[in-house]
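This report goes through a protein model part by part. Please look at the sequence and the structure before reading on.

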Amino acid sequence: MAVLFDEKNNIFFLITENSEYQMKIDEYGILLHSYYGAPVGRTDMSYLIRNVDRGFSGNSYECREKREISSDTQPLEYGCFGAGDYRVSALETVLANGSRTADLRYKSHNIRHGRKELTGLPYVRDMGDEADSLEIILEDEVARLEVSLIYNVFAEKDVITRSAKISNISQDEIRLMKVASACIDLQHKDMDFIHFHGRHAMERRPERARVAHGIYKVGSKRGMSSHHENPFVILCGHDANERSGECYGFMLMYSGNHAEEIETDQTGSIRVVMGIGSEGFEWRLLSGESFETPEAIMAFTDKGLNELSFLYHRIIRENVCPARFKDMKRPVLINNWEGTYFDFDEESIRSIADTAHEAGCEMLVLDDGWFGVRNDDNTGLGDWFVNKDKLPGGLSAITEHVNSLDMRFGLWFEPEMISEDSKLYREHPDWTLSDPDRKPVMARNQLVLDMSRKDVVDYLYESISGILDSADISYIKWDFNRSLANVYSNATSSDEQGEIAHRFVLGTYELLSRLSTAYPDVMIEGCSGGGGRFDAGMLFYCPQIWCSDNTDAINRLKIQKGTSYGYPVCTMGSHVSASPNHQTGRETPLLTRAIVAMHGSFGYELDPRKLTAKEREEIKEQIGTFNKYYELIQKGRYFRLTDESDEDYFVAWETVAEDGSEALLSLVVTDVRANPEIPCVRLNGLDGDGRYVADGVLSSALEIPADKDEDADSFEGERVYSGYALMNGGYAFDPLYGVYPAVQVHFKRI
Ligand code: DGJ
């Protein structure tokens, strides 16, 4: 059992292979957070809590003569607003009499083997005897409010999840103004904070700063997890790097508004609060009702950032993404978006399929523009019926053709959106999120459907399933192309409007869940103008997500690297597109683009008919390489090998088989140089005593004859390296010249 309770001393222990988490109920029933970090052998760590009388830090009434005991300075497991804890709160409530105080005391707990699912929300799945759980029920006896803190411990995976359930056991209405999923007070810590900010087409850029006094808050108010701040943050030691150091990860499994707040208090303690964003949020909890928060996924390691990423990669691949796609070979796809945009018809799609098939592609994805009247992005969203002007034979004519090539077929939808110029809007203008007295905020000239409404979700379910039933479709690309504004439901009373942003997310999850249940073999790829909803909530339904609308290979190095801190390679939709690139105008070699895109769920996004015969041959070889290394790339351990400080010259990364039997090293030069420094990288994760040879090298570097040293050792072939040599000494490349040259080296243990 990974959850233990020491009844004598009132201590809870959550034990994983390489971490330990402790809470203690004090004599007043306050639940203290006493430790999270490397294992301490179940020593009662509350000795680290030193109570000191600090001016202006008040005391509960029963502690009025023990001035050193203050909820303002003690490390708390779930800090609440109003009763003298002035740090960032996890819970803010309004009672029927207007009181805004919440004061929670221990009531009971239960420990069980296995875990309970959340209702209507994604969660970390127990794939069979993996989880033990703890529920601690706290109560505010005056408000008659119960708060259950729920912990699931995945001991072997070094992961603990947290969520909270708030129940109104009073006779009156209680309003929830803020309800966090997790709150944790890390005492005596001086740490850095890493968050993943960005913008459309430039998502998940890591930014690291020293945690200072005051509050550092990131999050999203866009109704989506957003391009701008991912619901994933890391706290780490100042000395932590990719290979060593203490790191804590906090990831919210949620696709809507979120907030991550990090505060250093007067005592130097760091509080982290993570959950649904509270701005605009207000939930009416009637007598007898409960509210469940999304789940936060926490992990700790003292072995550096690559190890922290590995913990998230493993839990997401094995316990978050739908299990049925874990071992499924994902097809290499051709997507027509950047190839044709809206300008296609049945004939051109058929010929794209033919050409892509000859080059080895395994699935054709028909992107935006196949439905309603949609020849540009101003019209048609919501009208999920085939545009017979463009596709006279309907979808079945295309799917039959594609299937005859032994390819699969995928289709684009943007379910939660509606165009003003659409049949759906003309029939149901009230189905949009819109403020009745205002003109709506437009974005991409479209509006957002009110997913809090059952009739809207039912309509979408019926229309999408109608399309899925009409042809052989094995994949959906589920897009979402604007942030929410005017979050107002025309089907909800005025005092429940603060619930709509969350109910919107619940409606989306319900639709995803109904479709996934009815069509279990249809794989859904998430998308939101690229990676605007790249989060563990969406990954619960969609095993992969289009990583970014930016397909420029050099920009993608940063985007995919930033994404890799929290999410595994197999979840990152990544395609080779045309050169010059459509977003940046940059030219890069086809092989460089492929080496970058291969470290994702791989595909092509261009018009293959515009390629030369030689390029099509090259693509065939690339797909062959990807399929050859498929298991290694998708399931191996991923390591970032370079830091920002090296990356003005080159970026390198590596994937290693779990058993150390093989590894794939990739390097892209981002700033080619005359008379260059030798690019040399230290590998990671190999079998130290193992003996490796490089048995496959791909390179888009130009050979500069003048530089070639005929007497030098032959590059590869007979040379044997120990794992230790490659990890401690490194692997040195010959000078790399040309336009963004890239090299991929496969190592095999002999
Ligand atoms: C945004 C997506 O990220 C693109 O890949 C493409 O599907 C367009 N939307 C279509 O409108």
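Two strands are taken as paired if DSSP finds at least two bridges between them. The model described here is predicted.

## The open sheet

Six strands form an open sheet in the order 31-32-33-38-35-36, and their pairing is antiparallel. Strand 31 (637–640) and strand 36 (721–722) are at the edges; each has a single partner strand, so one side of each is left without a neighbour in the sheet. Within the sheet, strand 33 (residues 662–669) is joined to strand 38 (residues 742–749) by seven bridges in the antiparallel sense. One residue of this pairing is Ser666, whose bridge partner in strand 38 is Gln744.

Two helices are placed against these strands. Helix 9 (residues 553–564) lies across strand 31, strand 32 (650–656) and strand 33, and runs at about 120° to strand 31. Helix 10 (residues 590–597) also packs on the sheet, where it touches strand 32, strand 33, strand 35 (691–699) and strand 38. The direction of helix 10 makes about 50° with that of strand 38.

## The barrel

Eight strands make a closed barrel that runs 21-22-23-26-27-28-29-30, with parallel pairing. On average, neighbouring strands in the barrel are turned by 30° against each other, direction ignored. In general, the strands of a sheet pair through backbone hydrogen bonds, in either a parallel or an antiparallel way.

Strand 28 (residues 544–546) and strand 29 (residues 572–577) run parallel and are joined by two bridges. Ile545 has Met572 of strand 29 as its bridge partner. Elsewhere in the barrel, helix 3 (residues 346–358) lies across strand 21 (333–335) and strand 22 (363–366), running at about 150° to strand 22.

## The ligand and its surroundings

Which residues are closest to the ligand? They are Asp367, Asp368, Lys477, Asp479 and Asp549, out of 13 residues that surround the ligand. By class, this shell has six charged, four nonpolar and three polar residues.

Three side chains have polar atoms at short listed distances from the ligand:

- Asp479: an N or O atom of the side chain is 2.7 Å from a nitrogen atom of the ligand.
- Arg444: an N or O atom of the side chain is 3.0 Å from an oxygen atom of the ligand.
- Trp546: a polar side-chain atom lies 3.4 Å from an oxygen atom of the ligand.

On its own, the ligand has 290 Å² of accessible area, and the protein covers 98% of this.

## Backbone details

Most peptide bonds are trans, and most residues other than glycine have a negative phi. Two places in the model depart from these patterns. Ser579 and Pro580 are joined by a cis peptide bond, with omega at about 0°. Pro580 is in the loop between strand 29 and helix 10.

The other place is Asn10, a residue other than glycine with a positive phi, near 60°. Where is Asn10 found? Asn10 is in the loop between strand 1 (3–6) and strand 2 (11–16). These strands form a hairpin with four residues between them. Strand 1 and strand 2 run antiparallel and are joined by four bridges, and Phe5 stands opposite Phe12 in strand 2.

Notes:
Residues are numbered from 1 along each chain as its sequence is written. This is a predicted model: local features need pLDDT of at least 70, side-chain atom pairs count only at pLDDT 80 or more; totals for chains, interfaces and linings use all residues. Side-chain values use heavy atoms; hydrogens and water are left out. Contact means heavy atoms within 4.5 Å. Axes are lines fitted to C-alpha atoms, for helices over the stretch in contact, and angles run from 0 to 180 degrees between N-to-C directions. A residue is near a molecule or strand if one of its heavy atoms lies within 4 Å of it. A polar contact is a pair of N or O atoms within 3.5 Å; within protein, one must be able to donate a hydrogen and the other to accept it, and residues adjacent in sequence count only if both atoms are side-chain atoms. Accessible areas come from the Shrake-Rupley method with a 1.4 Å probe; for residues, only the protein chains shown count as cover. Ala, Val, Leu, Ile, Met, Phe, Trp, Tyr, Cys and Pro count as nonpolar, Asp, Glu, Lys and Arg as charged, and the others, Gly among them, as polar.
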